[in-house]
Amino acid sequence: MTINHKLQEKAYDLLKGREGSIVVLSVKDGSLLAMVSFPSCDPQKFVEGISVKEWKRISRSWRKPLLNRALSSYMQVQLTRLLLHLQG
């Protein structure tokens, strides 16, 4: 794992209270250094057991805390790159 704890915390602090994502990749080898999506929910709730009430609150929220904005944006960029490459 190549996650840089300080970068991860900084990215989280920059996004706190906003919707969006931050992804930081190494220019040397492309490894992932930080990836944050906000809003989010505490994954520990799922490990410990989540109540029906809490699940409904999270899953029905208009802010979509279960959506990983970092990965959905990354996939869109990669698809765009592929399509541009195929166009020549």
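**Exercise 1. Locate Gly17 in this predicted model and describe its surroundings.**

Solution.
Step 1. Gly17 sits in the loop that joins α1 to β1 (20-25).
Step 2. Look at the backbone: Gly17 follows α1 and has a positive phi, near 90°.
Step 3. Decide between buried and exposed. The relative accessible area of Gly17 is 58%. The cut-off for exposed is over 50%, so Gly17 counts as exposed.
Step 4. Search for partners distant in sequence. With neighbours within four places in sequence left aside, Gly17 is in contact with Phe38 and Arg63.
Step 5. Check one C-alpha separation. Gly17 and Pro39 are 22 residues apart along the chain, and their C-alpha atoms are separated by 7.4 Å.

**Exercise 2. Find the residue that caps the N-terminal end of helix α1 (residues 5-15).**

Solution.
Step 1. The capping residue is Asn4.
Step 2. The supporting distance is 3.0 Å, taken from a side-chain oxygen of Asn4 to the backbone nitrogen of Lys6.
Step 3. Ask how far this region can be trusted. Confidence in the protein is highest in α1, at a mean pLDDT of 92, and lowest in helix α4 (residues 69-87), at 63. For the protein as a whole the mean pLDDT is 78, with 81% of residues at 70 or more.

**Exercise 3. Describe the largest pocket and its lining.**

Solution.
Step 1. The volume of the largest pocket is about 190 Å³.
Step 2. There are 13 lining residues, and those closest to the centre are Ser37, Ser40, Cys41, Pro65 and Asn68.
Step 3. Sort the lining by type: nine residues are nonpolar, three are polar and one is charged.
Step 4. Assign the lining to secondary structure. Strand β2 (residues 32-38) gives the most, with three residues.
Step 5. Take Ser37 as an example. Ser37 belongs to strand β2. Its relative accessible area is 14%, and buried means under 20%, so Ser37 is buried.
Step 6. List the contacts of Ser37, leaving aside neighbours within four places in sequence: Gly20, Ser21, Leu67, Asn68, Arg69 and Ala70.

**Exercise 4. Is Glu54 buried or exposed, and which side chain makes a polar contact with the side chain of Glu54?**

Solution.
Step 1. Glu54 is placed in helix α3 (residues 52-59).
Step 2. The relative accessible area of Glu54 is 18%. This falls under the 20% limit, so Glu54 is buried.
Step 3. The polar contact joins the side chains of Glu54 and Lys45, at 2.7 Å.

Technical notes: Residues numbered from 1 in each chain as written. Predicted model: local features only at pLDDT ≥ 70, side-chain atom pairs only at ≥ 80, totals over all residues. Heavy atoms only, no water. Polar contact = N/O pair within 3.5 Å; in protein donor to acceptor, adjacent residues only side chain to side chain. Helix = DSSP H or I, 4+ residues; strand = E, 2+ residues; numbered from the N terminus. Buried < 20%, exposed > 50% of the residue type's maximum accessible area, 1.4 Å probe, protein only. Contact = heavy atoms within 4.5 Å. 1 Å grid on protein atoms, 1.4 Å probe; cavity = no way out; pocket = protein on both sides within 12 Å on 5 of 7 lines; lining within 4 Å. Points joined across faces, edges and corners; volume = space filled by probe spheres on them. Nonpolar A, V, L, I, M, F, W, Y, C, P; charged D, E, K, R; others polar. pLDDT = per-residue confidence, 0-100.
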